[in-house]
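I opened this notebook page to keep track of what I looked up in the model, one topic at a time. The entries go from the whole chain to single residues.

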Amino acid sequence: KQWYQRRVRAVWKDVKVVESHSQTGQAQIGLRAGLFSLKGSRAPASLCAHTALAQIIGRCYDLEVDDYRYNVCPFQNITQHEVATRWNAYHGILGIWSHWNYDDDYSTFLFGHYTDGDVCTRDDTAVKRTVTLYHACGETTHVSRVIEPSTCQYNMTLASPLFCHDVFKSVYNALNEDQRNKYTEITAQFKHNILTGKGFRAGREEVLKSAGCLRRWQSFSDLGECEKEFNELKDKHDIFISGGTQKEDTEKGKEGNEEKGEEMNVARFRELQEKYDTLQRILSDNGLIMPEL
């Protein structure tokens with residue numbers, strides 16, 4: 001049996017809600033349909049992990065704290081439900097699976113981030129709810145802790161027998177054979193002083209990117225730079241799709257280049273869109289929300 005996986009992609013669907021308090025990890029097909037209408041702003045990100053973790057994907061575990069039930073569906077979404085019987089009881093999304101946090105040399109999965117939850121207000125500022133989910137060893141799979149250290153930012157712990165084994169914490173075990181070989185080669189080069197510490201970390205980072213464990217993007221130096229370039233490109237894109245670019249090109253004697261120009265513009269637009277979304281994710285991780293354009 002091969003103890004690795006390439007990528008596990010969660011199935012995107014309406015966010016489900018557990019019907020009753022339970023730590024049994026019931027499958028989502030057993031939930032009461034149509035009880036709540038919760039729709040996430042995006043799909044869960046792809047998961048880079050040991051294949052055995054797939055056995056808890058699609059199952060949900062909940063915990064009641066005070067007047068709220070917190071529902072954790074690992075690597076999919078986390079929701080909150082007010083159990084008080086009042087007409088405006090809160091039912092909402094705290095976060096959608098985003099990414100892992102790693103140790104400094106990309107050898108260990110530390111904890112997971114769930115971002116892009118419902119918008120709430122903190123100090124008169126609109127922010128998106130986020131969750132940091134820690135994993136701990138436990139005799140059964142269950143939510144063992146929920147705290148809110150800062151308004152709209154939550155820390156939770158999911159305990160499970162799966163997390164009692166270091167094999168699930170190791171980044172190496174989430175790679176395929178070719179990626180493992182490259183990962184091992186980089187480690188050997190560092191031990192023999194062929195690579196500096198910076199080169200060692202950069203090399204492992206590239207391996208994780210090729211495995212889908214890290215997203216590829218070219219960062220902007222700050223949000224203002226990204227927003228400026230994004231808006232400029234968006235304006236060009238809007239002009240193009242309205243026919244303006246074709247007209248201008250024709251007037252300048254650039255007939256025949258419209259289709260090629262469109263492909264380049266659309267590709268560049270999508271690239272900038274991804275960069276912009278990345279910065280949105282960073283802001284969301286820190287409890288901030290991107291202003292609407």
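What follows are my entries on the chain, its sheet and a handful of residues.

**Entry 1, the whole chain.** I noted at the outset that this is a predicted model, and I read every value below as computed from it. For the protein chain I found five helices and 10 strands. Of its 293 residues, 43% are buried. I also looked up the accessible surface, which comes to about 16100 Å², with 48% of that area belonging to carbon and sulfur atoms. Among the contacts between residues at least 6 apart in sequence, 55% join residues at least 24 apart.

**Entry 2, the sheet.** In what order do the strands of the open sheet lie? I traced eight strands in the order 1-2-3-4-5-8-10-9, and the pairing among them is mixed. At the edges I found strand 1 (61-65) and strand 9 (142-150), each of which pairs on one side only. Neighbouring strands of this sheet are turned by 25 degrees against each other on average, with direction ignored. As a reminder to myself, strands of a sheet pair through backbone hydrogen bonds, in either a parallel or an antiparallel sense.

**Entry 3, two strand pairs.** I then followed strand 2 (residues 68-73) and strand 3 (residues 77-82), which pair in the antiparallel sense over six bridges. Within this pair, I noted that tyrosine 70 has glutamine 80 in strand 3 as its bridge partner. Strand 9 and strand 10 (residues 153-160) also run antiparallel, and six bridges join them. Here the bridge partner of serine 150 is glutamine 153 in strand 10. The hairpin of strand 9 and strand 10 has two residues between the strands, and in this hairpin cysteine 152 takes a positive phi near 75 degrees.

**Entry 4, positive phi in two loops.** I kept in mind that most residues other than glycine have a negative phi. Aspartate 66, in the loop between strand 1 and strand 2, has a positive phi near 55 degrees. Is aspartate 66 buried or exposed? I listed aspartate 66 as exposed because its relative accessibility is 72%, where the cut-off for exposed is over 50%. Asparagine 193 sits in the loop between helix 1 (177-191) and helix 2 (197-210), and its phi is positive too, near 65 degrees. With a relative accessible area of 69%, asparagine 193 is likewise exposed.

**Entry 5, threonine 157.** I placed threonine 157 in strand 10. Its relative accessibility is 10%, so I entered threonine 157 as buried, the limit for that class being under 20%. Which residues is threonine 157 in contact with, leaving aside its neighbours within four places in sequence? I wrote down Leu133, Tyr134, Ala136, His142, Val143, Ser144 and Arg145.

**Entry 6, glycine 58.** My last look-up was glycine 58, which is found in the segment before strand 1. Because its relative accessibility is 23%, I recorded glycine 58 as partly exposed, a class that lies between the 20% and 50% limits. I also checked its distance to cysteine 73: the two are 15 residues apart in sequence, and their C-alpha atoms are 6.7 Å apart in space.

Key
Residues numbered from 1 in each chain as written. Predicted model: local features only at pLDDT ≥ 70, side-chain atom pairs only at ≥ 80, totals over all residues. Heavy atoms only, no water. Pairing = 2+ DSSP bridges. Axes fitted to C-alpha atoms, helices over the stretch in contact; angles between N-to-C directions. Buried < 20%, exposed > 50% of the residue type's maximum accessible area, 1.4 Å probe, protein only. Contact = heavy atoms within 4.5 Å. Areas by Shrake-Rupley, 256 points an atom, 1.4 Å probe, with all protein chains shown as cover.
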